[in-house]
Amino acid sequence: MTDQIRRQLPIVGVAKVAHGRNAMTCLYRCGNACDHPVPNASGNEYFGDLVAGEVSRRGVMKAGAAGAVVIGMGAAGALSASPAFAATEPPPALPTVDEFTTAAATTALTFKAVAPNRVDAIVVPNGYDHSVVIRWGDPVVPGAPKFNVHGQTLEAQLKQFGYNNDFVAVLPLDKKATRALLICNHEYTNEDLMFPGFVSQDALTVEQVKIAMAAHGMSVVELERVGKTGQYELVTSGPRPYNRRLTTLTTHFRLTGAAAGSELLKTAADPTGTDVIGTMNNCAGGVTPWGTILSGEENFNQYFVGAETSTGDAKARFNRYGIDTVNRYPSGSRKWERADERFDLTKNPNEANRFGWVVEFDPFTPGSTPRKHTAMGRLKHEGANIIKSRDAKAVAYMGDDERFDYLYKFVSDKKVDGRNTPEARKHNLTVLESGTLYVAKLGFTSATEIDGTGKLPTDGAFNGTGTWIPLVKGGASMVEGMTVDEVLVFTRLAGDKVGATKMDRPEDVEPNPVNRKIYAALTNNTNRGVGSNAVADEANPRTNNKHGHILEITEDNDDHTGTTFTWRIPIVCGDPTDPATYFMGYDKTKVSPISCPDNVAFDGAGNLWISTDGNALGSNDGLFAVPLDGAEAGHLKQFLSVPYGAETCGPWISDDNKSVFVAVQHPGEIAGASVANPASNWPDGDFAKPGIAVTWSVWNKNIGA
Ligand code: FEO
Ligand code: CA
Ligand code: CA
């Protein structure tokens, strides 16, 4: 049973911006992106003809292999810089390809929905329980000092769990998943809530700025299951060879692919244009079929200053990525340039080009060199998730999280090697280095009926066809007037040129391993149809879209390497009493209110799980689940809610449906809050330790039992 602390909050201000997210989250999360001009000023409209699709290429479907993930490794210097460009040596035993493909199951979603609320607690259905797994400051690298909010040091933070989690993956280390690796992204920091007595970014010491940099990035920690339950605990003793921190200060992230070494990526410190220090604003991500992690570098723009001195093409490129060219927030920027001149574009004009990539990272090889894949394009990557095509290509689906930006997919040139051998492992680690990069253009069946109210068209569906437009293919640019390097580094501009469809903030985009369709969370877009911005269309059917929707893509002939697809909107979010909402036609009196879908995931039965960020209905964010077929299709129910001020991230559903992991990102992030005056007391109650950045599990009961 839960032990909820049902105190009513807030205890500090509730400043909210129009779309429901708190002003403090806006400042720290994305640098007040909504207050900036919409970066996509292109005039591309989207009523073009669709081109004929490629011939379907079907291969033999490989049976999902079950396999052990028992790995014996020597001790690792998890904190030490990875060796520059060292070949990634495979460990003696390896995750089997397909190990991470969820097996089909028949789980029904029988839990009783959690009611919308604003309590400062985790709320789960009756019969379920939960526990904190890890939080900011907990030890990651063996030998990490005990957390002390009043005595923070850079040396400590480099060894401790980072701040605000988004992506969560739990990868088993043995057949029964009694031990597992937890991999998390640390998206951003909130210095108001990190440092006691915070006054301003300018007043922070240089070491505090570096602590914030070190609290970004990723963590890997080992977990142990508690008995046969779904509960996991952090392993806090023993060698823990996989435990590792990657931060904005970690040396040697290798750029791969066609743009690696480009003039656009060279800096004074790295004349090779291939060797980047650090990663940042790591938002969502994915797990590859070969067991590596993909992590999206998202709102990197907010960390750079000095673009106001740029002119011409350089200025246009900065503007398209939301990098401040007018010194709009001189007192609100992060001031990282005070600690590291990489972030001053007057000194390092190409440094920003070295962020905004998909990072691939092998958690099973201690010391492995993380890589940034230029072949997958540069945008505000929410994440990247892969499905294997019928002919064994790796196909990654990706969203660019900005109002009026685009959906992308990447199809590898190479096939995934399904053997469980060191040679196959080595090959698979090169699969994302070359391929075709596409952007989505959507066509409509009811274009003339869309009036921006969300009213369903007479054919009964928001739906249509679509085309994947190639941007780079066969190593050549497919975009007139742009080189391959330019397309990969300034991918948004390439999308503009080919007339991609402007979407309502494409966040997580994930293939469903059971029905092989693609699901995209379109969080919201309160600028849709407002002022001179693009008007509502069938794929983004509401003016002033506060609550977002889900887009489903079905590749023609189940060919994920192809160029044509159909799409529909299964769920239009909001309060179900609002006629502008839609839940696959299900009885709306029985579904939970949902607002601002952000991350998606799937359980073993292929049910869709949706976490939310910025609930504009006035309740706390949460995690929801909905069947996608059968009589219950569209019966969306809230599975949990997170504490006051938090967004729900992850989520991760274990293969045996016993555990749900979510990241509770930025609890208590409410304007006016501070370490001394918190807006959330979760999870300690006494705020002995700021309760930021926690993942936790629901356990003891199968989700559908
Ligand atoms: Fe970091 Fe798009 O959420
Ligand atoms: Ca229609
Ligand atoms: Ca997100």
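Accessible areas here come from the Shrake-Rupley method with a 1.4 Å probe. The model is predicted.

**Exercise 1. Surface and fold**

Task: State what area the chain exposes, and what share of it carbon and sulfur atoms supply.

Solution. Start with the surface. The chain exposes about 22900 Å². Carbon and sulfur atoms supply 53% of that area. Next, turn to the interior. Of the 705 residues, 64% are buried. Then take the secondary structure: 8 helices and 32 strands. Last, look at the contacts. Among those with a separation of 6 or more, 70% join residues 24 or more positions apart.

**Exercise 2. The calcium site**

Task: Identify the protein donors of the calcium ion (ligand 3), and explain which parts of the chain Glu382 and Asp598 tie together.

Solution. List the donors. They are Glu382 (OE), Glu507 (OE), Asp598 (OD) and Asp598 (OD). These atoms lie 2.2 to 2.7 Å from the ion. Now read the spacing in sequence: E-x124-E-x90-D. Then place two of the residues. Glutamate 382 sits in the loop between β12 (371–373) and β13 (385–388), and aspartate 598 sits in strand β26 (residues 597–602), so the pair ties together parts that are 216 residues apart in sequence. Finally, check exposure. Glutamate 382 and aspartate 598 are both buried.

**Exercise 3. Cysteines**

Task: Count the disulfides, and decide whether cysteine 573 is buried or exposed.

Solution. A disulfide is a covalent bond between the sulfur atoms of two cysteines. The cut-off for the sulfur pair is 2.5 Å. By this rule there are 0 disulfides. Test cysteine 573. The nearest cysteine sulfur belongs to cysteine 596, 8.1 Å away, and cysteine 573 is in no disulfide. Its relative accessible area is 0%, so cysteine 573 is buried. Test cysteine 649 in turn. Here the nearest cysteine sulfur is that of cysteine 283, 6.7 Å away; cysteine 649 is in no disulfide. Cysteine 649 also counts as buried, at 0% relative accessibility.

**Exercise 4. A six-stranded sheet**

Task: Give the strand order of the open sheet of 6 strands, name its edge strands, and describe how β10 joins β11.

Solution. Write the order: β8-β7-β12-β11-β10-β9. The pairing is mixed. Find the edges. β8 (275–276) and β9 (282–287) each pair on one side only. Now zoom in on one pair. Strand β10 (residues 293–297) runs antiparallel to strand β11 (residues 358–361), and 4 bridges join them. Pick one bridge partner: glycine 296 has valine 358 in β11. As background, strands of a sheet pair through backbone hydrogen bonds, either parallel or antiparallel.

Notes:
Residues are numbered from 1 along each chain as its sequence is written. Chains are lettered from A and ligands numbered from 1 in the order in which they are written. This is a predicted model: local features need pLDDT of at least 70, side-chain atom pairs count only at pLDDT 80 or more; totals for chains, interfaces and linings use all residues. Side-chain values use heavy atoms; hydrogens and water are left out. Helices (H or I, at least four residues) and strands (E, at least two) are DSSP runs, numbered from the N terminus. Buried means under 20% relative accessible area, exposed over 50%, partly exposed in between (1.4 Å probe, protein chains only). Contact means heavy atoms within 4.5 Å. Donors are N, O and S atoms within 2.8 Å of the metal (3.2 Å for Na, K and Ca); water is not among the atoms, so sites may look incomplete. Two strands pair if DSSP finds at least two bridges between them.
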